[in-house]
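User: I have a model open and would like to learn how to read it. Can we go feature by feature?

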Amino acid sequence: MIRRVLCLAVLLVLVGAAPAAAHNVTAGADLRIAQTIAGTELTVVIKGTSRVPGPLQIGVIAYQPVTGLPVGLEIRSVEDGRTVTGSATAAAEPRFTQLRVERTGPHELKLRAGDEVAVVPFRVLVERASAGDFLIYGGLFLAGVLLVGGLLTGALSRPGPAMALAAGAAAGVTVAALVVVAEPILPPSPPDGAAPTAESTLPDGSAQAGGRPFAQGRVETVPASPAAGAEFTLRLDLVDGSTGRPVDDLVAHHEALAHLVVTSEDGRFFRHLHPLRTGPGRLEVRLRADRAGRYLAYAELEREDSGGQLLTAAFSVTGDPSPAPVEEQQVAGNAGTPALRPAVPVAGRPATIEVPAQGAVRPWLGMTGHLIVRSQDGAFLGHVHEMGTPGGRLRFTFSFPRPGRYLAWSQYAVSDKIVTVPFTVDVAAGEAAR
Ligand SMILES: [Cu+2]
């Protein structure tokens, strides 16, 4: 009997030891995806859910002043094709719309605003009881039943069976106690709806050692030569270098599938955008450049089972080189001057940059503040986050890699807008400072 209980216990532990979910997706956690759509910055929030069938709560946060921008929502289960539609209104404090889903697993959220459409893949995950919980409660339950049986049989003066049942009860308690001790080191069972395992396979079916390769990115503009002042599309096509297939496994990091920074060569034009997934391996965003010239684009993204990477590209805008009046949607006027410590940062050593906040700061992209730094020649782009400073100022620590001039932009969100503070930093060589 004891042996049988212990065998069962081992078997359950082995079954429970399935590989952990590919990318720490946690059932019950909210999914937040930033999108640059209809000329504005939105963050779509899908609240974590604890049961299916049941409602998914979806809200759209507006980070730029938009008045009642309607957003069409459609959720489709990839497994059975079942689709539900609804709508939301983008606002600083969004009201949540409920869309009912019938099952866990892969889904797509189709987002419509203005004449643009994005399709965001996501998974509906629901936590299930772990194998450990099952063993603890199962063991205790078994022990209770056997103990009562043992007592009853003992009361009827049949020592042999009473001993056997008591021994079984002791085994049940032992299994439960062992699991209580061992559970913290056991792998958690993946939530219901999680991807089976990371599928890093080559076309011949063999596994790709060490995870998936970085995505190969191709950046183009549509039209090929955009004109100053005219809207154009910046398109990013991602391909897996090994398989040649589109890369469609981007992991949301810092609340976006990709963060795209577009600057003019002189740094007077700056946009931080969140392109829309318009098809497998394809990200697109619309923008307008105010002046002719060369522009630099940097995309931060992360493939599942691969890692974070930075793709860079350049494109040209044609037309009149003189400045055309295009509204500076992100650049704030009379921005507080950043304070640097040391006043002239030294290459390779951390410098502190403090930016006075204009108003009550609210989180954007999961952080209080963002600092984006570009070397003047555009060969280097860095991105760090606010360190958590109370008292109306944002503090960043940044180590400039080499001496020279850098263009920097600090970004944060206040109640009704995203504030961008542009500034330049001159960095000294290490020896010169001593
Ligand atoms: Cu971003």
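User: Let's take the hairpin of S11 and S12. How many residues lie between the two strands?

Analyst: Keep in mind that this is a predicted model. In general, strands of a sheet pair through backbone hydrogen bonds, either parallel or antiparallel. Here S11 and S12 form a hairpin with 5 residues between them. Gly267 sits in the turn and has a positive phi of about 85 degrees. S11 covers residues 258–264, and its pairing with S12 is antiparallel, over 4 bridges. To fix the register, take Val261: its bridge partner in S12 is His272.

User: Which way do the side chains of S12 point?

Analyst: S12 runs over residues 270–273. Phe270 and His272 point one way. Arg271 and Leu273 point the other way. All four are buried.

User: Next, the metal. Which residues are the protein donors of the copper ion?

Analyst: Read a metal site by donor atom and distance. The protein donors are His259 through ND1, His272 through NE2 and His274 through NE2. They lie 1.8 to 2.1 Å from the copper ion. Along the chain, the donors follow the spacing H-x12-H-x1-H. His259 in strand S11 and His272 in strand S12 are 13 residues apart, and this pair links distant parts of the chain.

User: Are those two histidines, His259 and His272, buried or exposed?

Analyst: The cut-off for buried is under 20% relative accessible area. His259 has 2% relative accessibility, so it counts as buried. His272 has 1%, so it counts as buried too.

User: In what order do the strands of the sheet around that hairpin run?

Analyst: To read a sheet, list the strands by neighbour, then look for the edges. This open sheet has 4 strands in the order S12-S11-S15-S16, with antiparallel pairing. S12 and S16 (307–317) each have a single partner strand, so one side of each is left without a neighbour in the sheet. Neighbouring strands are turned by 15 degrees against each other on average, direction ignored.

User: What pairs with S11 on the S15 side?

Analyst: S15 covers residues 293–303 and pairs with S11 in the antiparallel sense over 7 bridges. Two bridges show the register. The copper donor His259 has Glu300 as its bridge partner in S15. Thr263 has Leu296.

User: And how many bridges join S15 to S16?

Analyst: S15 and S16 pair over 11 bridges, in the antiparallel sense. Gly293 stands opposite Val317 in S16. These strands also form a hairpin, with 3 residues between them. In that hairpin Asp305 takes a positive phi near 60 degrees.

User: Why call S15 largely enclosed?

Analyst: Count its buried residues. In S15, 9 of the 11 residues are buried, so the strand is largely enclosed by the rest of the structure.

User: What does the side chain of Arg303 contact?

Analyst: Look for polar atoms that come together. A polar contact of 2.7 Å joins the side chains of Arg303 and Asp240. Asp240 is in strand S10 (residues 231–240). At 4% relative accessibility, Asp240 counts as buried.

User: Now a helix. How far apart are the end C-alpha atoms of H3?

Analyst: Compare the expected span with the one in the model. H3 has 24 residues (159–182), which should span 34 Å at 1.5 Å a residue. Its end C-alpha atoms are 34 Å apart, so the two agree.

User: Which residues of H3 are buried?

Analyst: Ala162, Gly168, Ala169, Ala171, Gly172, Val175, Ala176 and Val179 are buried. Ala166 also lies in H3, but at 35% relative accessibility it counts as partly exposed. Ala166 is 18 residues from Val148 in sequence, and their C-alpha atoms are 8.8 Å apart.

User: Last one. Which strands stand at the edges of the sheet that holds S17, S18 and S21?

Analyst: Take the order before the edges. This open sheet of 3 strands runs S17-S18-S21, with antiparallel pairing. S17 (339–341) and S21 (393–399) stand at the edges; each has a single partner strand, so one side of each is left without a neighbour in the sheet. The twist averages 20 degrees from one strand to the next. S17 pairs with S18 (residues 350–356) over 3 bridges. One of the bridge pairs is Ala339 with Glu354 in S18.

How values were computed:
Residues are numbered from 1 along each chain as its sequence is written. This is a predicted model: local features need pLDDT of at least 70, side-chain atom pairs count only at pLDDT 80 or more; totals for chains, interfaces and linings use all residues. Side-chain values use heavy atoms; hydrogens and water are left out. Buried means under 20% relative accessible area, exposed over 50%, partly exposed in between (1.4 Å probe, protein chains only). Two strands pair if DSSP finds at least two bridges between them. Donors are N, O and S atoms within 2.8 Å of the metal (3.2 Å for Na, K and Ca); water is not among the atoms, so sites may look incomplete. Axes are lines fitted to C-alpha atoms, for helices over the stretch in contact, and angles run from 0 to 180 degrees between N-to-C directions. The expected span of a helix is 1.5 Å times one less than its number of residues. A polar contact is a pair of N or O atoms within 3.5 Å; within protein, one must be able to donate a hydrogen and the other to accept it, and residues adjacent in sequence count only if both atoms are side-chain atoms.
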